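Colleague: I am new to this structure and would like a close look at a single part of it. Please take me through that part slowly, in one connected answer.

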Amino acid sequence: MNKKKKHSFEFKLSCVKQMDEDYRSGKSLGRELGITYSLLDTWYRIYKYHGSAGLLPKKGKRIFSPIAVSC
């Protein structure tokens, strides 16, 4: 079973900036770096929506729904 590789904030930001500022395509950059286009596309969309803070590692549980469930 493959273990997921974690990429640093600096690496993600560098990739996104190459795509944004240097007009690199995600497919060619992915081939060069050995990562998938879909991962680069996800990072790029997060960056465009949340800025560089969106690429920071998350700590704790992720909340997927704003609705609180009470018993």
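Which residues does L13 touch, not counting residues up to four places away in sequence?

Modeller: A word on the basis comes before the answer: this is a predicted model, in which local features need pLDDT of at least 70 and side-chain atom pairs count only at pLDDT 80 or more, while totals for chains, interfaces and linings use all residues. Residues are numbered from 1 along each chain as its sequence is written, and side-chain values use heavy atoms, with hydrogens and water left out.

Leaving aside residues up to four places away in sequence, L13 touches Y47, S52 and L55, where contact means heavy atoms within 4.5 Å. L13, Y47 and L55 also belong to the largest nonpolar core, a group of 10 residues that further includes C15, V16, M19, L29, I35, L40 and W43. Such a core is a set of buried Ala, Val, Leu, Ile, Met, Phe, Trp, Tyr and Cys residues joined through side-chain atoms within 4.5 Å; buried means under 20% relative accessible area, exposed over 50%, and partly exposed in between, with a 1.4 Å probe and protein chains only. The elements giving two or more residues to this core are α1 (9-21) and α3 (37-50), and the largest share, 4 residues, comes from α1. Helices here are DSSP runs (H or I, at least four residues), as strands are (E, at least two), numbered from the N terminus.

The core residue W43 also takes part in an aromatic pair, and a search of the whole structure finds 1 such pair. The rings of F11 and W43 have their centres 6.1 Å apart and their planes at 90°, so the pair is edge-to-face; rings of Phe, Tyr and Trp (its six-membered ring) pair if their centres lie within 6.5 Å, and planes under 30 degrees apart count as stacked, over 60 as edge-to-face and the rest as tilted. Because F11 lies in helix α1 and W43 in helix α3, the pair ties together parts that are 32 residues apart in sequence. W43 is buried at 6% relative accessibility, whereas F11 is partly exposed at 26%.

Helices α1 and α3 are also joined through charged side chains, since D20 and K48 meet in a salt bridge (3.1 Å, N to O), that is, a side-chain nitrogen of Lys or Arg within 4 Å of a carboxyl oxygen of Asp or Glu. D20 lies in helix α1 and K48 in helix α3, so this pair ties together parts that are 28 residues apart in sequence. D20 is partly exposed, with a relative accessible area of 24%, and K48 is partly exposed as well, at 48%.
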